[in-house]
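Biologist: Could you walk me through this model? I would like to go from the overall fold to a few single residues.

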Amino acid sequence: MLYDPERRWWPQAACRGHPPGEFFADGGGTPDKVPSVDAQALWDEAKKICRGCPVMHQCRRDTLGEEYGVWGGYDQRERYLIRAKLPKAAKRWPPERRLAWGRALSAYRDRGPAMPWIDIRRLTGIPASLAEELVTEWRTHLKAEEARQAEILRLPEPGPGQQDGPPFPDAKGRLDAWVRHNGLISDGYYQGETADGLWLLMNVHSGKSRVRKWVRREDVRFHYPKPKLIMEYEGRPDRARDEEPAA
Ligand code: SF4
């Protein structure tokens with residue numbers, strides 16, 4: 001988990017019941033300034049409670065954006081310094097981690113109204129500049145994924161009348177394709193196909209209910225191009241179930 005905005009660990013917090021003054025010292029000043037000796041001494045005492053806390057790890061993860069006081073064993077100045085170094089540290093994050101953060105942060109920006117960057121920073125600890133960078137990266141990734149999928153959108157459409165049975169209607173249906181099966185033509189959903197493209201898995205109406213059926217490609221006529229989805233060979237009608245799938 002990247003972080004828990006709900007802080008569901010709170011019921012186990014060791015600081016519950018302690019006076020807030022033990023964790024939020026007067027004289028601490030703003031996080032970018034060195035605190036007074038007294039404030040630092042008080043925070044150091046609070047950190048001892050954190051070290052015995054069963055949820056210190058989760059608290060530390062979720063409170064990096066907190067402005068004041070001691071949270072997760074860090075005082076406000078320590079968190080400030082960690083946040084300041086985060087953009088540089090994030091350059092070394094693996095791509096999956098950067099994308100995961102980008103996706104999580106986008107959720108706050110893409111809803112209406114978009115959450116201000118400063119609030120996102122308070123919530124997650126991710127500074128605004130880094131958050132913007134990660135969101136941009138995630139959006140770029142999404143666009144690239146869409147473009148990649150668009151490349152495999154066009155399935156070759158079989159010509160009509162290659163199979164015994166009624167011809168396909170000239171008009172388009174309401175679903176994905178006309179499907180010829182059991183001597184009938186019905187309007188069906190595409191669900192996938194074998195890697196060699198010879199068999200398609202279609203959802204069609206059969207009597208009282210809809211069923212999933214493997215049909216030959218020439219028995220399907222698509223109304224619109226569909227993303228190609230390769231299915232496992234299990235259940236393919238022209239192979240034994242225990243046969244190894246083709247590579
Ligand atoms: S780590 Fe410290 S601040 Fe966080 S819940 Fe535990 S005791 Fe409280």
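Biologist: How many helices and strands does the chain have?
Modeller: This is a predicted model, where local features need pLDDT of at least 70 and side-chain atom pairs count only at pLDDT 80 or more, while totals for chains, interfaces and linings use all residues. Residues are numbered from 1 along each chain as its sequence is written, and side-chain values use heavy atoms, with hydrogens and water left out. Helices (H or I, at least four residues) and strands (E, at least two) are DSSP runs, numbered from the N terminus. Counted that way, the chain has 6 helices and 5 strands.

Biologist: What pattern does the chain follow along the sequence?
Modeller: The elements to place are 6 helices and 5 strands. Read along the sequence, they give α-α-α-α-α-α-β-β-β-β-β.

Biologist: What percentage of the residues count as buried?
Modeller: Buried means under 20% relative accessible area, exposed over 50%, and partly exposed in between (1.4 Å probe, protein chains only). The accessible surface, from the Shrake-Rupley method with a 1.4 Å probe, comes to about 14,900 Å² for the chain, and carbon and sulfur atoms hold 54% of that. Of the 247 residues in the chain, the buried part is 36%.

Biologist: Which residues are around the ligand?
Modeller: A residue belongs here if one of its heavy atoms lies within 4 Å of the ligand. For classes, Ala, Val, Leu, Ile, Met, Phe, Trp, Tyr, Cys and Pro count as nonpolar, Asp, Glu, Lys and Arg as charged, and the others, Gly among them, as polar. The shell has 8 nonpolar, 1 polar and no charged residues. Its members are W9, A13, C15, C50, C53, M56, C59, W71 and G72.

Biologist: Is R7 buried or partly exposed?
Modeller: R7 sits in the segment before α1 (37-51). Its phi is positive, about 50°, although R7 is not a glycine. Because its relative accessibility is 21%, R7 counts as partly exposed.

Biologist: And R8: how far apart in space are R8 and Q58, C-alpha to C-alpha?
Modeller: R8 also has its place in the segment before α1, and R8 is exposed because its relative accessible area is 56%. Along the sequence, R8 and Q58 are 50 residues apart. In space, their C-alpha atoms are separated by 9.3 Å.

Biologist: Which residues does E22 touch, not counting residues up to four places away in sequence?
Modeller: E22 is found in the segment before α1 and is partly exposed, with a relative accessible area of 28%. Contact means heavy atoms within 4.5 Å. One partner is I49, 27 residues away along the chain, with a C-alpha separation of 9.9 Å. The full set for E22 is L42, A46 and I49.

Biologist: Which residues is Y68 in contact with, leaving aside neighbours within four places in sequence?
Modeller: Y68 lies in the loop between α2 (56-62) and α3 (76-90), and is partly exposed at 41% relative accessible area. Its C-alpha is 8.2 Å from that of G28, 40 residues apart in sequence. The contacts of Y68 are F24, G29, T30, P31, Q76 and R79.

Biologist: Is H181 buried or exposed?
Modeller: H181 has its place in strand β1 (residues 177-181). Beyond four places in sequence, H181 touches S186, V204, H205, S206, K213 and V215. Because its relative accessibility is 7%, H181 counts as buried.
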